[in-house]
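Visitor: Could you take me through one part of this model up close? I'd like to look at the core and what sits around it.

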Amino acid sequence: MTTPDSTAFEDALIADMRSHGGAVTAGPLAGHPLLVMSSIGARSGAKRRAILTYTRDADDYVVAGTAGGSPRVPAWVANVRHHPEVDIEAETRTFRGTATVLTDGPERDRLWEQHVARLPHFAAYPAKAKRIIPVVRLTPIPHTGDR
């Protein structure tokens, strides 16, 4: 559930990112590679925003449904399963993308291992959550130019 405090924190975080070429420069997430993903709610149909830590796999962005190690899969995972076309703001780009949720298999495992190698603090999340962490590949949709 979004609270006024969490919305204010997210708004300030996004403003910081936009002012610094996509980099977070202040607060507890300073230095973390973050993107903003907008999806459509699976049940509500409303536009939803998630700020996620990412890694790259070639031209794609990779995010993980950790919810900070919570036993519950974050709602945005259900959203992108139901409505895989998303808006993404990362680095200095804003673009449409397609989300592919991976919950098992060698590609999921490869992307998870790559994610953890680049972001070691993610390694503790599966044990803490007591669940398999879904990995989501965000693939830019080809277009004629960034919006």
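Guide: Here is a walk from the core to the pocket, then on to the charged pairs.

Keep in mind that this is a predicted model. The largest nonpolar core has 17 residues, and Leu 35, Met 37, Val 63, Trp 76 and Leu 138 are the ones touching the most other members. Two or more residues come from each of these elements: strands E1 (34–40), E2 (47–53), E4 (60–64), E5 (85–90), E6 (93–102) and E7 (135–140), plus helix H2 (75–82). Apart from this core there is another one, made of 12 residues, with Ala 64, Leu 111, Val 116 and Phe 122 among them.

Let's stay with Trp 76 for a bit. Setting aside neighbours within four places in sequence, Trp 76 is in contact with Met 37, Ala 50, Leu 52, Val 63, Ala 64, Gly 65 and Val 136. Met 37 and Val 63 were on that list of residues touching the most other core members, while Ala 64 belongs to the other core.

Gly 65 deserves a stop of its own. You'll find Gly 65 in the loop between E4 and H2, and it's buried, with a relative accessible area of 0%. Not counting residues up to four places away in sequence, Gly 65 touches Pro 74, Trp 76, Val 77, Arg 131, Ile 133 and Pro 134. Take Pro 134: from Gly 65 it is 69 residues away in sequence, yet the two C-alpha atoms are 5.3 Å apart in space.

Now swing round to the largest pocket, where Trp 76 turns up again. Of the 35 residues lining this pocket, Arg 49, Ala 50, Pro 74, Ala 75 and Trp 76 lie nearest its centre. The space inside comes to about 1,200 Å³. Helix H1 (4–19), E2, E4 and H2 each put at least two residues into the lining, and E2 gives the largest share, with 6 residues. By type, the lining splits into 18 nonpolar, 12 polar and 5 charged residues.

Next, the charged pairs. Across the whole structure there are 13 salt bridges. One of them joins the side chains of Arg 56 and Glu 91, at 3.2 Å from N to O. Arg 56 sits in strand E3 (residues 55–57) and Glu 91 in the loop between E5 and E6, so this pair ties together parts 35 residues apart in sequence. Both ends are partly exposed: Arg 56 has a relative accessible area of 24%, and Glu 91 has 33%.

Arg 96 is a good place to pause, since two salt bridges can be followed from here. With Glu 85, the side chains meet at 2.5 Å, N to O. Glu 85 is in strand E5 and Arg 96 in strand E6, so that bridge links parts 11 residues apart in sequence. The other partner is Asp 87, with the closest N and O atoms 2.7 Å apart. The surroundings vary a bit: Glu 85 is partly exposed at 43% relative accessible area, Arg 96 is partly exposed at 28%, and Asp 87 is buried at 18%, which puts Asp 87 under the 20% cut-off for buried residues.

One last thing to pick out on screen is a network of salt bridges linking Asp 57, Asp 60, Glu 107, Arg 110 and Arg 137.

Note on methods: Residues numbered from 1 in each chain as written. Predicted model: local features only at pLDDT ≥ 70, side-chain atom pairs only at ≥ 80, totals over all residues. Heavy atoms only, no water. Core = buried A, V, L, I, M, F, W, Y, C linked by side-chain atoms within 4.5 Å. Buried < 20%, exposed > 50% of the residue type's maximum accessible area, 1.4 Å probe, protein only. Helix = DSSP H or I, 4+ residues; strand = E, 2+ residues; numbered from the N terminus. Contact = heavy atoms within 4.5 Å. 1 Å grid on protein atoms, 1.4 Å probe; cavity = no way out; pocket = protein on both sides within 12 Å on 5 of 7 lines; lining within 4 Å. Points joined across faces, edges and corners; volume = space filled by probe spheres on them. Nonpolar A, V, L, I, M, F, W, Y, C, P; charged D, E, K, R; others polar. Salt bridge = Lys/Arg side-chain N within 4 Å of Asp/Glu carboxyl O.
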